[in-house]
Amino acid sequence: MVLRLIALFKLLKGLLLLALGFGALRLVHADVWALATSWADRLNLNPQNRYVDVVLNRLSSVDERTLASLGIGAFVYAALLLTEAVGLWLERRWAEYFTIIVTGSFIPLELYELVKRFTGTRLAIIVVNVAIVAYLARNLRVTRHQPAHEHA
């Protein structure tokens with residue numbers, strides 16, 4: 001049951017990253033700042049708002065290379081997440097190891113980002129990822145002595 005929930009979580013993240021990747025690549029040859037300004041107008045967002053202004057200013061410096069890199073990076077990470085999701089859904093032992101390695105490898109970076117700028121969202125992401133790694137490590141230890149066909 002828990003493996004399936006983790007698989008669904010990984011699937012959702014993977015699908016969101018696929019959408020981000022396609023969106024970033026679609027914007028490679030577009031005027032990103034003009035497009036963002038247009039979206040802000042359509043959503044009736046005040047460009048004088050501090051948060052809207054910060055986003056618009058950041059988008060003004062986005063170039064084609066950055067968008068292409070973002071798109072490709074999103075696809076690579078999505079492929080990892082979707083591989084984890086399928087393997088966990090099928091209850092494959094290799095997927096549990098793979099998820100521990102991939103998810104665990106991002107925890108130090110997430111901790112660095114949390115220390116750099118603390119947010120509740122970043123803290124929640126770390127807590128969820130640590131819980132996933134801990135659960136899978138415990139699950140692998142418990143099932144280690146079972147025959148492979150029972151937990152393949």
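Which residue forms a salt bridge with K116, and how far apart are the closest N and O atoms? The residue is E113, and the closest N and O atoms are 3.8 Å apart. A salt bridge here is a side-chain nitrogen of Lys or Arg within 4 Å of a carboxyl oxygen of Asp or Glu. The tour comes back to this pair below.

**Before selecting anything**

The model is predicted: local features need pLDDT of at least 70, side-chain atom pairs count only at pLDDT 80 or more, and totals for chains, interfaces and linings use all residues. Residues are numbered from 1 along each chain as its sequence is written, and side-chain values use heavy atoms, with hydrogens and water left out.

**Stop 1: the whole chain**

Show the protein as a cartoon. There are six helices and zero strands, so the order from the N terminus reads α-α-α-α-α-α, where helices (H or I, at least four residues) and strands (E, at least two) are DSSP runs numbered from the N terminus. Along its principal axes the C-alpha trace spans about 60 × 30 × 25 Å. The radius of gyration is 19 Å, whereas a compact globule of 152 residues would have one near 15 Å. That radius is taken over C-alpha atoms, and the globule rule is 2.2 Å times the number of residues to the power 0.38.

Next, colour by accessibility. Buried means under 20% relative accessible area, exposed over 50%, and partly exposed in between (1.4 Å probe, protein chains only). Of the 152 residues, 28% count as buried. The protein exposes about 10,200 Å², and carbon and sulfur atoms supply 67% of that area; accessible areas come from the Shrake-Rupley method with a 1.4 Å probe, and for residues only the protein chains shown count as cover.

Contacts can be displayed too, a contact being heavy atoms within 4.5 Å. Among contacts between residues at least 6 apart in sequence, 72% join residues at least 24 apart.

**Stop 2: the largest nonpolar core**

Select L3, I6, A7, L88, A95, I132 and L136, the seven residues of the largest nonpolar core. Two elements, α1 and α6 (120-143), give two or more residues to this core. Helix α1 gives the largest share, three residues. A nonpolar core is a set of buried Ala, Val, Leu, Ile, Met, Phe, Trp, Tyr and Cys residues joined through side-chain atoms within 4.5 Å. In soluble globular proteins, nonpolar side chains tend to be buried together.

Keep L136 selected and show its neighbours. Not counting residues up to four places away in sequence, L136 touches L3, I6, L88, E96, T99 and I100. L3 sits in helix α1 and is buried, with a relative accessible area of 6%. For a distance check, draw a line from L3 to T121: they are 118 residues apart in sequence and 23 Å apart in space, C-alpha to C-alpha.

**Stop 3: the nonpolar surface patch**

Now select M1, L5, L8, L11, L15, V86, W89 and L90, which make a nonpolar surface patch of about 800 Å². The elements that give two or more residues to the patch are α1 (2-26) and α4 (64-89). The largest share, four residues, comes from α1, and L5 is found in that helix. Patches are made of residues with over 30% relative accessible area and no salt bridge: like charges are joined within 9 Å, nonpolar side chains (Val, Leu, Ile, Met, Phe, Trp, Tyr) within 5 Å.

**Stop 4: the salt bridges**

How many salt bridges does a search of the whole structure find? It finds three.

Select K10 and E84, whose side chains meet in a salt bridge (3.2 Å, N to O). K10 lies in helix α1 and E84 in helix α4, so the pair ties together parts that are 74 residues apart in sequence. K10 is buried at 1% relative accessible area, and E84 is buried at 0%.

Then return to E113 and K116. Both lie in helix α5 (residues 93-116), three residues apart, about one turn of the helix. Add R122: its side chain meets that of E113 in a salt bridge (3.9 Å, N to O). E113, K116 and R122 are thus linked in a network of salt bridges. E113 is partly exposed at 24%, R122 is partly exposed at 24%, and K116 is exposed at 56%.

**Stop 5: a loop residue**

Finish at L43, in the loop between α2 (32-42) and α3 (50-59). Is L43 buried or exposed? At 61% relative accessibility, L43 counts as exposed. L43 and R92 are 49 residues apart in sequence and 45 Å apart in space, C-alpha to C-alpha.
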